[in-house]
Amino acid sequence: MSDDKSHRVVAARMKLKARFEAAMAASPSVADDTPQGTGPNNRHGMPRLPVGQVLTHKWPVLDLGIKPSVDTTSWRLRVDGAVERPIELSYTELLALPQTELDADFHCVTTWSRMDLQWIGVRLSDLIAAASPTDAAQFVLCHAYDDYTTNLPLHEALKDDVLIAHTVQGEPLQHDHGGPVRMITPQLYAWKGAKWISRIELLAADKLGFWERNGYSNTALPWRNDRYS
Ligand SMILES: Nc1nc2c(c(=O)[nH]1)N[C@H]1C(S)=C(S)[C@@H](COP(=O)(O)O)O[C@H]1N2
Ligand SMILES: [Mo]
């Protein structure tokens, strides 16, 4: 993760962070004063767009610019760390598990939101349950084939709409968007969902992922405008 392209991406993102912080300092009331936190996503008459987000009808590709060469044949997912039974899954084994269809919105911290993506995947909670987390397990660190990492608390990882997804809009997930398999976290900013996911590591103590180490919020709640730390 130390090539020039990654450094340019980080520099550009840090400029956006500085701009956001200046705007918040100039006008604190821009921040959501009725936070909806990690509650139900934007359904049932709640506002469709979190504060500070702009609607996009396209679906931008955002990553560090390292496109790993993983495909459906070589892809594996491990669930390990603070678990009693580490597991490893192939693409075929993932497709053989119970599948969930989900209509979910996608909020990127760089301020675009793409509504109503139709996903199919396996609930992360099912995979974590299959591995039998120990009592000590409280956090999750996700690893990806491009060496990206991102962390979240176990209680967020266990939410029903957190999927290990292989299909979107009726098609196999394109490589640019993290195919063959990525994670999605509809109730958190999208950087918490690792594209090209390779490993779910359960941990007793929190360990920061890539953007979390680079100044992004550890909690990442779109409905609280909770972007940076
Ligand atoms: N492996 C990996 N996953 C990643 C990233 C990345 O650089 N590498 N970028 C994150 C960010 S910042 C966002 S907004 C979403 C973008 O997903 P998309 O490219 O499908 O829109 O993926 C997230 N997951
Ligand atoms: Mo993002």
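Here is a short tutorial dialogue on reading the ligand site, the cavities and two backbone features of a predicted model.

User: Let's start with ligand 1. Which residues are closest to ligand 1, and how many surround it?

Analyst: A good habit is to list the neighbours before looking at single atoms. Keep in mind that this is a predicted model. Here the shell around ligand 1 counts 21 residues, and Pro60, Leu62, His177, Arg182 and Lys195 are the closest.

User: What does that shell look like by class?

Analyst: Sorting neighbours by class gives a quick feel for the surroundings. For ligand 1, the shell holds 14 nonpolar residues, two polar ones and five charged ones.

User: Now the atoms. Which polar side-chain atom lies 2.7 Å from an oxygen atom of ligand 1?

Analyst: For polar contacts, the idea is to look for pairs of N or O atoms within 3.5 Å. In this case the side chain belongs to Arg182, with a polar atom 2.7 Å from a ligand oxygen.

User: And which residues offer backbone atoms to ligand 1?

Analyst: Leu64 is one of them: a backbone N or O atom of Leu64 sits 3.1 Å from an oxygen atom of the ligand. Gly193 has a polar backbone atom 2.8 Å from a nitrogen atom of ligand 1. As for cover, the protein takes up 100% of the 530 Å² of accessible area that ligand 1 has on its own.

User: Where does ligand 1 sit, then?

Analyst: To place a ligand, ask which empty space in the protein holds it. Ligand 1 sits in the largest cavity. That cavity has a volume of about 270 Å³. Its lining is made of 22 residues, and Leu62, Asp63, Ala190, Trp191 and Lys195 are nearest the centre. Sorted by class, the lining has 15 nonpolar, two polar and five charged residues.

User: How many cavities of 30 Å³ or more turn up in the whole structure?

Analyst: Two. The second largest has a volume of about 60 Å³.

User: Which residues line the second largest cavity?

Analyst: Reading a lining works well if you go residue by residue, then strand by strand. Among them are Ala104, Asp105, Phe106, Trp119, Met183 and Gly193. Strands β4 (100-107) and β10 (182-184) each supply at least two residues, and β4 gives the most, with three. By class, this lining counts eight nonpolar, two polar and one charged residues.

User: What about open spaces: how much space lies in the largest pocket?

Analyst: Pockets get the same kind of reading: volume, lining, class. The largest pocket holds about 160 Å³ of space. It is lined by 13 residues, with Leu16, Arg19, Phe20, Thr111 and Arg227 closest to its centre. Seven of the lining residues are nonpolar, four polar and two charged.

User: Last topic, the backbone. Is the peptide bond from Gly179 to Pro180 cis or trans?

Analyst: The angle to read here is omega. For Gly179 to Pro180, omega is near 15° and the bond is cis. You'll find Pro180 in the loop between β9 (171-172) and β10.

User: Which residue has a positive phi although it is not a glycine?

Analyst: For this one, read phi along the chain and check the residue type. Asp116 is the case here, with phi of about 55°. Asp116 belongs to strand β5, residues 112-123.

Key. Residues numbered from 1 in each chain as written. Chains lettered and ligands numbered in written order. Predicted model: local features only at pLDDT ≥ 70, side-chain atom pairs only at ≥ 80, totals over all residues. Heavy atoms only, no water. Near = heavy atom within 4 Å. Polar contact = N/O pair within 3.5 Å; in protein donor to acceptor, adjacent residues only side chain to side chain. Areas by Shrake-Rupley, 256 points an atom, 1.4 Å probe, with all protein chains shown as cover. 1 Å grid on protein atoms, 1.4 Å probe; cavity = no way out; pocket = protein on both sides within 12 Å on 5 of 7 lines; lining within 4 Å. Sits in = over half its atoms within 2 Å of the grid points. Nonpolar A, V, L, I, M, F, W, Y, C, P; charged D, E, K, R; others polar. Points joined across faces, edges and corners; volume = space filled by probe spheres on them. Helix = DSSP H or I, 4+ residues; strand = E, 2+ residues; numbered from the N terminus.
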